[in-house]
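I open this entry to note down what I looked up, moving from one residue outward to the whole chain. I want each term explained once as I go.

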Amino acid sequence: MERLIIGQKHGESEQPSSRASWNTPHPVPRTGMSYGGRMALSFALTSLVTVIILASVVTVVWGGAFSDYTRSNVEEIAQVAAMKLAREYEQEAGGPPRPYGASPSPARCPMTSACRSPTPTG
């Protein structure tokens, strides 16, 4: 019966094969980071790259929808504020609000030239 010899091809030579040498632990450890440190660093870098890719995808895909959403909300808030201001103005001033640029009635602004509408020339 043949003996089991590790590191030799069919018992031909006494020199270990190259295949066995790569799997053999070396007496001098590798310098630098430990295996756990390298795994932690690779995990952290993979997580960072994943977050960057996902953030860019969300920005591209949902950017337009988010802009439309915020624009409609701002317009709605402005409309509600304008309606409340108009209602308060009507209650305080005693009449409907005048359009922008229209001159006020003389009862509201007596004796001031800034409130009077300009007289047409010609």
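I began with V49, which I found in helix α2, spanning residues 35–93; helices are DSSP runs of H or I with at least four residues, and strands are runs of E with at least two, numbered from the N terminus. I noted that this is a predicted model, in which local features need pLDDT of at least 70 and side-chain atom pairs count only at pLDDT 80 or more, while totals for chains, interfaces and linings use all residues. Residues are numbered from 1 along each chain as its sequence is written, and side-chain values use heavy atoms, with hydrogens and water left out.

Is V49 buried or exposed? V49 counts as partly exposed because its relative accessibility is 46%, where buried means under 20% relative accessible area, exposed over 50%, and partly exposed in between (1.4 Å probe, protein chains only).

I then saw that V49 belongs to a nonpolar surface patch together with I53, V57, V58, V60, V61 and W62, with about 710 Å² of accessible area together. Areas come from the Shrake-Rupley method with a 1.4 Å probe, and for residues only the protein chains shown count as cover. Patches take residues with over 30% relative accessible area and no salt bridge, joining like charges within 9 Å and nonpolar side chains (Val, Leu, Ile, Met, Phe, Trp, Tyr) within 5 Å.

Next I looked up charged pairs, taking a salt bridge as a side-chain nitrogen of Lys or Arg within 4 Å of a carboxyl oxygen of Asp or Glu. The count comes to 1 salt bridge, and the side chains of R71 and D68 meet in a salt bridge at 3.2 Å, N to O. Because R71 and D68 are 3 residues apart in helix α2, about one helical turn separates them.

For the whole chain, I recorded 2 helices and 0 strands, and 5% of the 122 residues count as buried.
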